[in-house]
Amino acid sequence: MAQSTETTDWVSRFADDVIEESERRAPGKPVVVASGLSPSGPIHLGNLREVMTPHLVADEIRRRGHRVRHLISWDDYDRYRKVPKGIDGVDEEEWAGHIGKPLTSVPAPKGSAYPNWAEHFKAAMIESLAELGVEFDGISQTEQYTSGAYREQILHAMRHRGDIDAILAQYRTKKAPAKKQQQKPVDEAELEAAEGSGAAAEDDGSLGSAGYFPYKPFCGNCEKDLTTVTAYDDDSTELTYACTACGFSETVRLSEFNRGKLVWKVDWPMRWAYEGVVFEPSGVDHSSPGSSFQVGGQIVGIFGGKQPIGPMYAFVGISGMAKMSSSRGGVPTPADALKIMEPQLLRWLYARRRPNQSFKIAFDQEIQRLYDEWDRLDAKVSEGTGLPADVAAHSRAVGTASGALPRTPRPLPYRTLASVADITGGHPDQALRILSDFDPANPLASLDEARPRYDKAEAWINTHVPADQRTIVRTEPDEELLKSLDEQGRESLRLLVDGLADHWSLDGLTHHVYGVPKVQAGFPADATPKELPPEIKTAQRSFFALLYHLLVGRDTGPRLPTLLLAVGQERVRRLLGH
């Protein structure tokens, strides 16, 4: 029975539909959900939605006690379409010579430990999926095709090529719909993510002089798919092809030949039927009229199957890496994200938004706000005050049906950890000293208690904060600025310094720093904003700017309580002229 949509999230609602549909199609058998990834280059965070959407649904089905298989088809038998820019160990001119070959026949970048191009890029994704807690059954399409696993399906498609051609012909003559005027600018990274996988090439085969064929051999001489079928006999399965790249031609028996594949618009629905896929999402690049998902819904019947249910998913954008991505030639990968954020946060970003909602993953200062939001949600869940959909997204982020993901024992605020890593230059002993002062009643015994979050924050500081925004504490007092202060300025510094020892903790210094301008104006240090005139805020801003100039020589910097703890009492007194 379906659960109430008022108390469940999008994942639960899809799980209801998938379980019901699976029982209708294949009662008593494991539920099959699927993803497809083409290792044609770095597999990016936009592609990750192709995996996370069915993963979350599969995991919910598994939590309910049902057997479920999450298939990831590695489209490693796709043609090598282009040389990605900015790949270490790859000479663009040299690798361009491999265009048209299967991805598993293209050499890996120089220096790689993997045997070919596809395995090289699959490896990074597999490692990231393990860290994210994603369980899956991987299927290499190279292995499937070259082992003859799809032989009957290929022969069946060739026998029914006229039916397939008739379906495709309905769309070939249609004009593409006029593009709507862009309502808002799309960032560069989002556009790059929109490219999707190599499978999005939308190949439907070609009409040659011998007619339409849904199958394309790879050349026996140059290995490329720049081939044309010139003759085929259904009874003997003899197939003749010619290669336009090297001029090679041969006749083979398709009932024994394993060096070729169905064209994409036929290959995908064939696999739906072959694997019994019930749920598979598709990106917007697959979902427009006449595209592979839409056409596949008709072609799948030729193979005796049904189209999976599943949503169209929106793009994943990136904030803070547009410049870096253009130089690299691609948007960031899950591995890039996992260097600066814990798996729980990355899972949460995909779990909390419905698939048709776009969202951005932050590599800039926004990551600090995201972590604050996550920590607030974590606290609400612990207190039992979270909204049902938020609690569900949190549950899906922190673990799977197999158990909880490893987490940081003492998850201190990310922005605090980043500031400490910034100020100390990553010196572990200094970092531990500062972090231990945050809560003197319960100090950290080891930096490991703050890991891996501390390491992620340190990596973010080191790789995504420009050098001119890094914090460098003054080595000597700014004597000129100190001498220029009026009596009010000098008194504010005296009040701060006199209370340092009594307020030496994160909470204590927060109260003290904000309290100095209040006390100077004749109000209690704990007076609330409602009890204060507006000019107190102006006074606080001026006081903070003064402290930043005296401590780090800038108008702004890390939060002052964190900065003061990092600098240490003795050095703070000296830099403030006391």
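A disulfide here is a pair of cysteine sulfur atoms within 2.5 Å. Keep that cut-off in mind for the cysteines. One caution before that: this is a predicted model.

Cysteines, then. How many disulfides does the structure hold? The count is 0. Take C219. Its closest cysteine sulfur belongs to C246, at 3.6 Å, and that is too far for a bond. Set that distance against the cut-off of 2.5 Å. C243 is in no disulfide either. The nearest cysteine sulfur to C243 is that of C222, 3.7 Å away. Are these two residues buried or exposed? C219 counts as buried, at 1% relative accessibility. C243 counts as buried too, at 4%.

Now the overall picture. The protein has 578 residues, and 50% of them count as buried. Its secondary structure comes to 24 helices and 16 strands. Along the principal axes, the C-alpha atoms fill a box of roughly 100 × 60 × 50 Å. Consider the contacts with a sequence separation of 6 or more. Of these, 72% come from residues 24 or more positions apart.

Next, helix packing. Two packed helices are described by the angle between their axes and the distance between the axes. I have two pairs.

Pair one is α17 with α23. Helix α17 covers 428-438, and α23 covers residues 560-567. Their axes come within 9 Å and cross at roughly 130 degrees. The two helices are therefore oblique to each other. The crossing is right-handed. Which residues make the contact? From α17, they are R433, I434, D437 and F438. From α23, they are T562, L565 and A566. By class, that gives 4 nonpolar, 1 polar and 2 charged residues.

Stay with T562 for a moment. This residue of α23 counts as buried, at 3% relative accessibility. Set aside residues up to four places away in sequence. T562 then touches T416, S419, V420, I423, F438 and L506. F438 is the one we just met on the α17 side of the contact. T416, S419, V420 and I423 have numbers that fall in helix α16, residues 414-424.

Pair two is α20 with α22. Helix α20 is residues 487-498, and α22 is residues 535-552. The axes come within 11 Å and cross at roughly 75 degrees. So α20 and α22 are roughly perpendicular to each other. On the α20 side, the contact uses G489, S492, L493 and L496. On the α22 side, the residues are F543, L546, L547 and L550. This contact has 6 nonpolar, 2 polar and no charged residues.

Back to α16, for one residue: L417. Buried or exposed? L417 is buried, at 0% relative accessibility. What does L417 contact, beyond its neighbours within four places in sequence? The list is L412, L435, A450, R453, Y454 and A457. L435 has a number inside α17, which runs 428-438. R453, Y454 and A457 have numbers inside α18, which runs 453-464. For a distance check, take L417 and F293. They are 124 residues apart in sequence. In space they are 45 Å apart, C-alpha to C-alpha.

Last topic: backbone geometry. Three spots to look at.

Where is the cis peptide bond? It runs from R451 to P452, with omega near 10 degrees. P452 lies in the loop between α17 and α18.

The second spot is E223. This residue is not a glycine, yet its phi is positive, near 70 degrees. E223 sits in the loop between β6, 215-217, and β7, 227-232. E223 is partly exposed, with a relative accessible area of 35%.

The third spot is T237. Here too phi is positive, about 65 degrees, in a residue that is not a glycine. T237 is in the loop between β7 and β8, where β8 is 238-243. T237 is buried, with a relative accessible area of 8%. So we have two positive phi values, with E223 partly exposed and T237 buried.

To recap: 0 disulfides, an oblique pair in α17 and α23, a roughly perpendicular pair in α20 and α22, and a cis bond from R451 to P452. That is it from me.

Terms used: Residues are numbered from 1 along each chain as its sequence is written. This is a predicted model: local features need pLDDT of at least 70, side-chain atom pairs count only at pLDDT 80 or more; totals for chains, interfaces and linings use all residues. Side-chain values use heavy atoms; hydrogens and water are left out. Helices (H or I, at least four residues) and strands (E, at least two) are DSSP runs, numbered from the N terminus. Buried means under 20% relative accessible area, exposed over 50%, partly exposed in between (1.4 Å probe, protein chains only). Axes are lines fitted to C-alpha atoms, for helices over the stretch in contact, and angles run from 0 to 180 degrees between N-to-C directions. Angles under 35 degrees count as roughly parallel, over 145 as roughly antiparallel, 65 to 115 as roughly perpendicular and the rest as oblique. A crossing is left-handed if the near helix is turned anticlockwise from the far one by less than a right angle, and right-handed if clockwise. Contact means heavy atoms within 4.5 Å. Ala, Val, Leu, Ile, Met, Phe, Trp, Tyr, Cys and Pro count as nonpolar, Asp, Glu, Lys and Arg as charged, and the others, Gly among them, as polar.
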